[in-house]
Amino acid sequence: MSENHLIGVDIGVSFIKVGVYDIDGNCKSIVTKANPGHYLQQDVFIQSSEEMVKIVISSLKETVEKSGVKSSTVIAIGFSGAMGGFMGVNNSLEPVAEWSIISDRRYSKYASGFLSKAERKIIELSGSNFAVFGPKILWWKNDYPEVYSQVKKFMGICSFIICRLGKVAAEDAAIDKTITIFSGLSDVQNSCWSEELCSTFGIEINLLPKIVEPDTVTGYLSKDAANSCGLLEGIPLVAGAGDKAAGNLGAGLVSPGQLIDEAATFGAFSVCVDRYVPDVDYKTLGNLPSPVKGLYTPGAYLNVSGATSSWFADVFAGEESKEAKQKNLSVFKILDENAGNIPPGSNGLFSISLLSGRGSPDDPDIRGLYIGHSLMHKKEHFYRAMLESFAYEYAFYFNVIKKNYPELKFNEVMVMGGGAKSDFYNQIKCDVLGIPYARLGRDDFALLGDILIAGSAVGLYEDLKEAAQKFTVKTKRYVPDEKNHNFYKKYIDFNAGIFDRVRNIYTDLKNMNLSN
């Protein structure tokens with residue numbers, strides 16, 4: 001067994017995780033800390049990038065101490081982070097345009113303007129019409145000109161953390177290629193910023209960070225940071241990837257035709273392919289580049305699906321929470337058991353459970369809705385209908401994948417994330433999609449992807465695809481119930497067509513709220 005070790009740092013919206021691994025992918029220790037965020041009002045979400053730096057440093061120190069490994073054996077640190085956020089710093093690496101993610105929807109009016117002006121070109125070049133970085137830059141530029149005037153460089157959260165840990169100058173900041181699909185400004189196939197798109201929207205290309213491959217060393221741990229972390233000065237800091245890209249790699253999504261469901265705070269349904277197909281017809285799939293060169297993992301995003309499940313439990317499951325605490329169980333275990341007695345289709349109760357807008361295709365005004373409930377419906381009906389609504393969205397994504405890549409054969413969906421622990425939820429999605437599900441045997445996939453990329457950067461893994469495949473373990477398989485699948489087909493079609501029928505209602509409601 002080699003004495004070398006790698007560290008992964010995953011900077012998520014809800015949590016920051018730091019883990020120490022040996023080069024065979026065995027975890028020595030993980031420290032998980034909440035990443036504080038505050039909804040000041042609807043569509044206003046605030047997080048502190050300075051606080052994230054402190055959390056990362058303290059977590060590095062704690063996880064190294066917890067692991068018991070010698071600091072001299074740590075040979076690289078890899079990063080992953082939330083993909084739909086951006087920020088701007090001044091010459092002194094101080095955040096002036098604070099970290100702002102998708103859930104902070106104050107930029108939305110500029111997002112719609114982006115798409116109305118050049119949506120097809122954005123999809124063709126950037127790989128997705130879910131433009132975040134560009135519209136946020138315009139939001140700062142137009143609504144906060146005093147902030148914009150101080151920005152030396154815009155960047156992602158991993159870029160900022162690396163710059164701080166390595167004392168990298170703002171002008172030398174780098175961003176990995178996977179994250180740029182949410183920019184609306186990049187040329188994904190050529191891993192560069194599009195001069196055409198930047199010019200179209202009046203965005204100064206010199207304010208954007210350089211784009212690099214995920215396994216690029218973009219800094220080295222400074223003496224001050226090393227002392228704070230309990231590590232050695234000079235450890236390579238590797239650009240890494242967006243959390244979805246890192247998680248896909250860690251889960252072994254590296255062969256064309258493989259499918260994966262990430263049942264996390266932001267759900268995702270993706271496929272591995274070896275050719276670039278811009279989804280200009282359906283505007284649903286984002287062509288996420290894989291950390292494995294030559295591969296892409298087109299996927300669609302189920303905005304805050306995991307957070308929505310938690311919201312349901314917090315607001316409606318007080319009794320179940322007490323029962324779960326008494327039995328030392330997860331509240332979702334109790335909710336699953338109760339809803340398991342409800343038949344497919346929830347006795348005619350249908351839900352739209354996109355509480356922060358529809359992500360794929362981008363439809364920001366959509367919110368929550370229950371249709372068809374009567375005096376017979378109980379809490380468990382509403383819970384099951386919520387889960388079924390997520391599955392119907394996945395079925396929509398799957399149908400788009402099959403249309404865009406008709407040559408691919410699909411055998412199963414690998415599932416990971418917190419929601420993967422639910423047999424009930426997995427079976428619903430399995431029945432709705434009509435394809436077997438396979439639960440993966442660990443839950444640290446983003447961190448695993450981080451250390452795979454970091455190991456590649458320092459020459460430990462010559463073949464990233466081969467290394468990722470070795471780490472993949474499946475623990476449980478779910479087979480679709482054919483009767484349930486046939487029953488669900490009409491609900492899949494109903495879900496696909498409902499948004500055009502209700503969108504004006506959401507828009508009218510939003511406008512009424514804005515006028516108050």
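Lys429 and Asp261 meet in a salt bridge, with their closest N and O atoms 2.6 Å apart. The pair links distant parts of the chain. Lys429 belongs to helix α13 (residues 423-433), while Asp261 belongs to strand β16 (residues 259-262), and the two positions lie 168 residues apart in numbering. Lys429 is buried, at 0% relative accessibility. Asp261 is also at 0% and counts as buried. The model described here is predicted.

**The helix around Lys429**

Helix α13 is mostly covered: nine of its 11 residues are buried. Lys429 is one of these buried residues. Among the others are Phe424, Tyr425, Ile428, Val432 and Leu433. Asn426, Cys430 and Asp431 are on the buried list too. After α13 comes Gly434, and its phi is positive, near 70°.

**Other salt bridges**

The whole structure holds 28 salt bridges. Three of them are set out here, with the N to O distance and the location of each partner.

| Pair | N to O distance | Location of partners |
|---|---|---|
| Lys429 and Asp261 | 2.6 Å | helix α13 and strand β16 |
| Lys379 and Glu320 | 3.1 Å | helix α12 and helix α10 |
| Glu124 and Arg120 | 3.2 Å | helix α2, both partners |

Take Lys379 and Glu320. Lys379 lies in helix α12 (residues 379-404) and Glu320 in helix α10 (residues 318-327), so this bridge ties together parts that are 59 residues apart in sequence. Is each partner buried or partly exposed? Lys379 is partly exposed, with a relative accessible area of 26%. Glu320 is buried, at 8%.

The bridge between Glu124 and Arg120 sits within one helix. Both residues lie in α2 (residues 108-126), four residues apart, about one turn of the helix. An α-helix has 3.6 residues a turn, so residues three or four places apart point the same way. Glu124 is partly exposed, at 27% relative accessibility. Arg120 is exposed, with a relative accessible area of 51%. Lys121 joins in as well: salt bridges that share partners connect Arg120, Lys121 and Glu124 into one network.

**Cysteines without disulfides**

How many disulfides does the structure hold? The count is zero. Two cysteines show why. For Cys27, the closest cysteine sulfur is in Cys229, 18 Å away, so the gap is too far for a bond. For Cys158, the closest cysteine sulfur is in Cys163, at 11 Å, again too far for a bond. A disulfide would need the two sulfur atoms within 2.5 Å. The surroundings of Cys27 and Cys158 can be set side by side. Cys27 is partly exposed, with a relative accessible area of 33%. Cys158 is buried, at 6% relative accessibility.

**A nonpolar patch on the surface**

Which residues make the nonpolar surface patch? They are Trp311, Val315, Phe316 and Leu355, and the patch covers about 340 Å². Leu355 sits in the loop between β19 (350-353) and β20 (368-371). Leu355 counts as partly exposed, at 31% relative accessibility.

**In brief**

Lys429 and Asp261 form a bridge between distant parts of the chain, and both Lys429 and Asp261 are buried. Glu124 and Arg120 pair within helix α2, where Arg120 is exposed. No disulfide is present, as the count is zero.

How values were computed: Residues are numbered from 1 along each chain as its sequence is written. This is a predicted model: local features need pLDDT of at least 70, side-chain atom pairs count only at pLDDT 80 or more; totals for chains, interfaces and linings use all residues. Side-chain values use heavy atoms; hydrogens and water are left out. A salt bridge is a side-chain nitrogen of Lys or Arg within 4 Å of a carboxyl oxygen of Asp or Glu. Buried means under 20% relative accessible area, exposed over 50%, partly exposed in between (1.4 Å probe, protein chains only). Patches are made of residues with over 30% relative accessible area and no salt bridge: like charges are joined within 9 Å, nonpolar side chains (Val, Leu, Ile, Met, Phe, Trp, Tyr) within 5 Å. Accessible areas come from the Shrake-Rupley method with a 1.4 Å probe; for residues, only the protein chains shown count as cover.
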